[in-house]
Amino acid sequence: MSISFDSALGIHPYALSLWSRRAELLAANLANADTPDYKARDIDFKTALQQAQGTALPLQVTHAKHLPSAAGQLPGGEALYRVPLQASIDGNTVDSQVEHGKFMQNALQYQASLHFLSGSFKGLRSALKGE
Amino acid sequence: MSLFKIIDISGTAMSAQTLRLNTTASNLANADSVSSSVNQTYRARHPVFATVLNEFNQGAATGGVQVLGVVESKAPLRQEYAPDHPMANEAGYIFHPNVNPIEEMANMISASRSYQNSVEVANTSKQLLLRTLQLGE
């Protein structure tokens, strides 16, 4: 019987990369809270995770002017625009409080995925050692 | 790794908010510096923010903040008839800067809150990165 990393680690490596991508988007939203005409963005986590699990190997990009192939895009598809609850007069759709809450929640979810991954690695290691 | 980029993004936000705080401090400091002519009077300064979009960021539309420049307020100066003032011109008028102290105070609080937000975001990402480095230990 062989040990497959994919089945041992499950969904968590994909989830981890998506949480970190989402953290980047939310951080950009918070950074641009005072920029006129900035539109807040976020990803749809469920569809993004489904896409991430089905992606082929990405194309290697070695130069800033290389265009990524469709398969080489970051897992998680495109970032969607948030529908603002209260429109601001300067065209900015960032609600700092909402984004802050989502960022914190996202960080905790990242840590949860990390915890599960860590547990899987510990399990694999003890299986290899035969303890 | 997206988490490294977060620290860059928050860094740009922090520097932009520092500049905003800087101009606010300058405006408030000069709120009472009167002068005898329209051209020499201090005018309120405000930074203009814009997003730095990174098109080749592998399809991710995230970006930090950049300051396009600092513009002077076009609000009219306040003119006061004070013939006894040492700075008064021949007609007996002095000119006050177009700084609105209430607006500036609101600006200051907004800038400091945004700065705090960015610091917290950078700190959280740092902790997540450190935990990631300890994976499997």
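Which side chain does that of Thr41(B) meet in a polar contact of 2.9 Å? Let's look at that one up close, then tour a few other spots in this predicted model.

**View 1. Thr41(B) and its surroundings in a loop of chain B.** The partner is Ser35(B), whose side chain makes the 2.9 Å polar contact with that of Thr41(B). Thr41(B) sits between α1 (2-29) and β1 (45-51) of chain B. Its relative accessible area is 5%, which means that Thr41(B) is buried, as the cut-off is under 20%. Leaving aside residues up to four places away in sequence, Thr41(B) touches Leu77(B), Phe95(B), His96(B) and Pro97(B) as well as Ser35(B).

**View 2. The largest nonpolar core, with 26 residues.** Residues with the most contacts inside this core are Leu18(A), Phe103(A), Tyr110(A), Leu3(B), Ile6(B) and Val121(B). Two or more residues each come from α2 (12-31), α3 (45-54) and α4 of chain A, and from α1 and α2 (101-133) of chain B. Helix α2(A) gives the largest share, nine residues. In soluble globular proteins, nonpolar side chains tend to be buried together.

**View 3. Ile6(B) and its contacts in both chains.** Here Ile6(B) touches Ala23(A), Glu24(A) and Ala27(A), along with Val121(B) and Ser125(B), again not counting residues up to four places away in sequence. A second core, separate from the one in View 2, has 11 residues, including Ala33(A), Tyr38(A), Ala13(B) and Phe49(B).

**View 4. Helix α4 of chain A, residues 96-129.** With 34 residues at 1.5 Å a residue, this helix should span 50 Å, and its end C-alpha atoms are 49 Å apart, so the two values agree. Just after α4(A) comes Gly130(A), with a positive phi near 70 degrees.

Conventions:
Residues numbered from 1 in each chain as written. Chains lettered and ligands numbered in written order. Predicted model: local features only at pLDDT ≥ 70, side-chain atom pairs only at ≥ 80, totals over all residues. Heavy atoms only, no water. Helix = DSSP H or I, 4+ residues; strand = E, 2+ residues; numbered from the N terminus. Expected span 1.5 Å × (residues − 1). Buried < 20%, exposed > 50% of the residue type's maximum accessible area, 1.4 Å probe, protein only. Polar contact = N/O pair within 3.5 Å; in protein donor to acceptor, adjacent residues only side chain to side chain. Contact = heavy atoms within 4.5 Å. Core = buried A, V, L, I, M, F, W, Y, C linked by side-chain atoms within 4.5 Å.
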